[in-house]
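Okay, thanks for squeezing me in, everyone. Let me put the structure up, and then I'll walk you through a couple of spots in it.

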Amino acid sequence: MSVQVTSHTFKQNAAEALKDAPLQDALGNLKVGFIKKRLNAIELVPEWQRIRDEAREMKNHVLENLDHYLLRYEHSVQANGGHVHWAETSANAGEIIVDICKKANAKTVAKGKSMVGEEAEVNRRLEEVGIAPIETDLGEYIIQLAEEPPSHIIAPAVHKTKEQVSELFHKHHQQYGLTEKITNRVDLVTEARTVLREKFRNADVGITGANFLVAETGQHVLVTNEGNGDLSSNLPRVHIVIVGIEKVVPTLEDASLLLRLLARSATGQHFSNYTSLMGGPKRDGDKDGPEEFHVVLVDNKRTELFDSELREMLRCFRCGACINHCPVYGAVGGHAYGWVYPGPMGSVITPAMVGLEKTRDLPHACTLNGRCAEVCPMSIPLPSLLRKHRRTTFEKQLQSMRSRTALALWSQVARRPKLYRNLSDLAVRTLSWLGRRQGHVRRLPLVSAWTKSRNLPTSGNNRTFISEYTAQKNRSESS
Amino acid sequence: MSARDAILGRLQTALVRENPSRPAPMSVDDAPLAVSERLSTKPVSTLPAFSEDPTERLIRMMESVQMTVTRVQTSDDVLNAVDDYIRSEGLDGDVTVAPALSEIAWPEHYRIGSASGTEATSVTPCLAAVAETGSVVFASTGDTPATLNFLPDNHIVVVNESQVLRHVDDVWTQLREACGAHRAVNFVTGPSRTGDIEQTIEIGAHGPRRMHVVLVSGA
């Protein structure tokens, strides 16, 4: 599925998402699913905070020496008999992959879920040269059939209901002689298993992502619950790993440090079903495994993020906890964000990768409630990173004329305390007069976006906070 | 300039600007002290503590992710335990045994080798089992092909109690002592599952639907 950037129409996307009934049903599952399971899993680990702190320190050390750890990883992969490719842009990464597939005379490719693969639009590029990519993660497979981009980084089809999946399978599985329409979940999973098993068997190349790269051993860590990543890595003749340069860690011990945080933060499991270390092609005497092994290390603006005040974002290991806990994501889902990465982490990464000009609404799609930073296992201060984007948006004059004028006016007033007090005093009196009968205002010019869906409560006593505060202070001093 | 040099160059430009005394070599041999030290000392981070007996915890953790466990006294009991399980669960179809277990006198219709893709059940040894996570760990070799862990519907694993380790990090020590980088090291923690349809967990996505452990006490 090609990923067109539609972040510039975020407001419109969000408005449509709010009216989408099946989407709203599907988003309801997030709360009972991810959020509660994560909490239960963390409660069983009293050392959680200490592990989190150590993970942050370790990753900061890696970032301070990222050049060296990448060199070491490259060296170790080569020692295992693998090939390392470097891609400056997502387009370069796509070209490298197409090239390897062409050289391998590939007809079909089995793909494990990879968000970097989405950045590079690997599927579109393969299809353009007549190679068929098959997504093998069930969620990715569902959205590939639906010709949609993923709406969540670890649960790509979280926006789909069972009924929608049933329709999709019924439509697309006829060609395999599976003509009966099935509706229950177990049967849907079994049918996908049957169809995809054949695809695995026939795939010439397997493409997967990686959760971590271990510099010490040249292996990468890949976690899945379905086992599709392992089948994609073990069965085809050629295995390609596509991964961002920030995923490297020094040693196996550092990988296990992050693994303790990853599954618990992502799905509330203490460990993912399949946690695999892989590296290099088949060894002497091995009966299975790929004959060729390639890693594509992707920059795609990561070095720009590195050399900016957003560097901390490179600690992110894509668990999705911030997304699951974001009230904005919970209301509008992932597609509204308009590119590969949704939610808080997406609102930081997307502007950096595709440009703030096209994504200026994303840093504002946030209530600054701080839950994302609270749950982030890598302690990334997401709200302050979003505020940095907001500042840049203002400095580069990317907002609409109307909000710029409003903000400029506001700053003029806010910098003059006396004027500010007089005006707010006037505003409070006017509001209380307007709401004198019902205690609230139903319609107000200029803020219709607020009053359209709720009433604006008004103060009953004609006083601003400051005058109330001063009055109380005077009272307590005189008593 | 190659993409490699451009990427590493951009990282180094930023790092040298922050710390002008930082060397910026392009060779793996010139790593700063902090890097070479971390790579050689391999510091272990905080491990989740537990007071439970490791074997008991292993079994409890395995059962919590829908694995089943049978305990037997000696390695002579493995054959019967495997056969009993296959019969009692009514597992039809072929059985493939990893070459590493070929010294056991398996029934004649059991095949020894790597996965053919058509067998219903595989029987394999493991490298270790981890009490922390309830995982069995497999390291791929010619005698323990990785595909046996993923293709069959049912996977029976023989675990010797002496292979039970406390934490994931103990596996790293063991791997380094063994022979370095295997092509694949798989931690498997329960039968294959997916939550991709409405966030509800279903067993049997792509890998085995059943995982059964025969735990040998005296070994």
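One thing before we start: this is a predicted model. I'll stay in chain B and talk about a strand and then a loop.

So, strand 12 of chain B, residues 210-216. Which strands does strand 12 pair with? Strand 1 of chain B, residues 68-72, pairs with strand 12 in the parallel sense over five bridges. Then there's strand 7 of chain B, residues 154-160, and that pairing with strand 12 is also parallel, over seven bridges. If you want places to look, find Val72(B), which stands opposite Val216(B) in strand 12. For the pairing with strand 7, look at Asn154(B), which stands opposite Arg210(B).

Now, is strand 12 buried or exposed? Mostly covered: seven of its seven residues are buried. And that goes for both faces. On one side you've got Arg210(B), His212(B), Val214(B) and Val216(B), and on the other Met211(B), Val213(B) and Leu215(B), all buried.

Okay, over to the loop. Glu132(B) sits between strand 5, 128-130, and strand 6, 135-139, of chain B. Even in that loop, Glu132(B) counts as buried, because 24 other C-beta atoms lie within 10 Å and the cut-off is 20 or more.

What does Glu132(B) touch, leaving out residues up to four places away in sequence? Pro48(B), for one, and then the run of Arg166(B), His167(B) and Val168(B). Ala105(B), on the other hand, is 27 residues from Glu132(B) in sequence, and their C-alpha atoms are 33 Å apart in space.

That's my bit, happy to go back to any of it.

How values were computed: Residues are numbered from 1 along each chain as its sequence is written. Chains are lettered from A and ligands numbered from 1 in the order in which they are written. This is a predicted model: local features need pLDDT of at least 70, side-chain atom pairs count only at pLDDT 80 or more; totals for chains, interfaces and linings use all residues. A residue is buried if 20 or more other C-beta atoms lie within 10 Å of its own, exposed if 12 or fewer, and partly exposed in between; C-beta atoms are placed from the backbone. Helices (H or I, at least four residues) and strands (E, at least two) are DSSP runs, numbered from the N terminus. Two strands pair if DSSP finds at least two bridges between them. Two residues are in contact if their C-beta atoms, placed from the backbone, lie within 7 Å.
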